[in-house]
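Student: Please look closely at one part, the largest pocket, and place it within the whole chain.

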Amino acid sequence: MIKFSFRALKAQEQEMTEIRERLARLVAFPSVSGSDMGAMLDWLTAEVAPYASLCQRLPADGCDAEALLVRVGEGEGGLVLAGHLDVVPVAGQPWTGDPFTLRAADGRYYGRGVCDMKGFFACALALLPKLPPLRAPLWLAISCDEEIGCLSAPRLAHALREHGADGAYVWVGEPTLLQPVVAQKGITNLRTVVHGRAAHSSQVGQGASAIHAAARLVAAIEDVMRELQDEGQLDPHFDVPHASLHVGKISGGSAINIVADRCQFDWEIRHLPHETFAAIRARVASAERALEAQYPGLRIETTPTTATVAALQDADNADWLALLGAHLPDATRQYVAYATEAGAYQQAGMQTLICGPGSIRQAHQADEWIETAQLSQCARVMQAVIAARCGGA
């Protein structure tokens, strides 16, 4: 027993060394959204090439960044390890060390992206050399623009289906403390520009204040959120159990004594899985038309600044949830209000869950960290799930 425990301990230490090496390499790439990801994707391509039967770089398309699709093994279905390697900026944050150099202390790793979500892929990369020949394929679907709108996930989902991944289970490795997330809200970001008519502030009747109209519209947006609650559009599984409509930024006017001819604000709609963005947006559009009728000379333009990130519904996931749950015996189903790429894969017809090492509370923070124990557990669960889903040939 002592001999076995010693060997197990050494094997675990070796496993963590392999994960740490890959995590350190990933963190060293300053892959802030919108930056050049070529060097990181070159390294990844070389890293997976010895084990891959397919390694496809999806070129950038318009606003989308380049993405990477990898298949290990042959056949259809299987398991998809999905997620992103872009990270949020570090500028202005009080880091106590270089954000792009992995640091270890007190059972944690520190660095930008360690939990969101380079740790998940470090586990996957460390497992690749150990995989036996598989009877069903293992896929890696890696995006580089999740933090700015989950732009590439629909393209990756389409590419997966083109290459025969229909029926695959999709594992999105966002940080959830290794609790399975079965549902998330959808999100759309928007920009509204209110065009008024300038006048001297002593003659307010001659103008149409874009700022005053924008203030009324901001209040109307909040009213729509309250109306949805009053109508019973609720899901108590979410910590905010209703759609949330939020204005986060506003600017307008040129001087205190000029009736403002322009005001702009940025806002978002986070809708419940059973709701649609279009239905909620239509309510706000009705308020816009009413304001235009009330203020002669006023014009309101609202346009989405991102495509709608699809919600993830707690549906069509029973088989995948049972498999993952068998290796996470203390897990409880979770619902989250933040957006991920999961909805895009579910919309493509694949059973999809979100589950990854680390906590969302550490994501986007200065001195972002992840517990080494979470990475070790993730690797063990990942290896067991791959064996169960993809097996040996």
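**The largest pocket in its chain**

Tutor: In the protein chain, 81% of the contacts (heavy atoms within 4.5 Å) with a separation of 6 or more are between residues 24 or more positions apart. The model is predicted: local features need pLDDT of at least 70 and side-chain atom pairs pLDDT 80 or more, while totals for chains, interfaces and linings use all residues. Residues are numbered from 1 along each chain as its sequence is written, and side-chain values use heavy atoms, without hydrogens and water.

The protein chain has nine helices (DSSP H or I, at least four residues) and 17 strands (E, at least two), numbered from the N terminus. Its C-alpha trace spans about 90 × 45 × 40 Å along the principal axes. Of its 393 residues, 53% count as buried, that is, under 20% relative accessible area with a 1.4 Å probe, protein chains only.

Now the pocket. The largest pocket holds about 450 Å³ of space, the volume filled by probe spheres set on its grid points. A pocket here is an open set of points on a 1 Å grid over the protein atoms alone, where a 1.4 Å probe fits, with protein on both sides within 12 Å along at least five of seven lines; lining residues have an atom within 4 Å of a point. Of the 21 lining residues, Glu-146, Glu-147, Arg-270, Ala-339 and His-364 are the closest to the centre. The elements that give two or more residues to this lining are β9 (186-195) and β13 (262-271). The largest share, three residues, comes from β9.

How values were computed
Buried means under 20% relative accessible area, exposed over 50%, partly exposed in between (1.4 Å probe, protein chains only).
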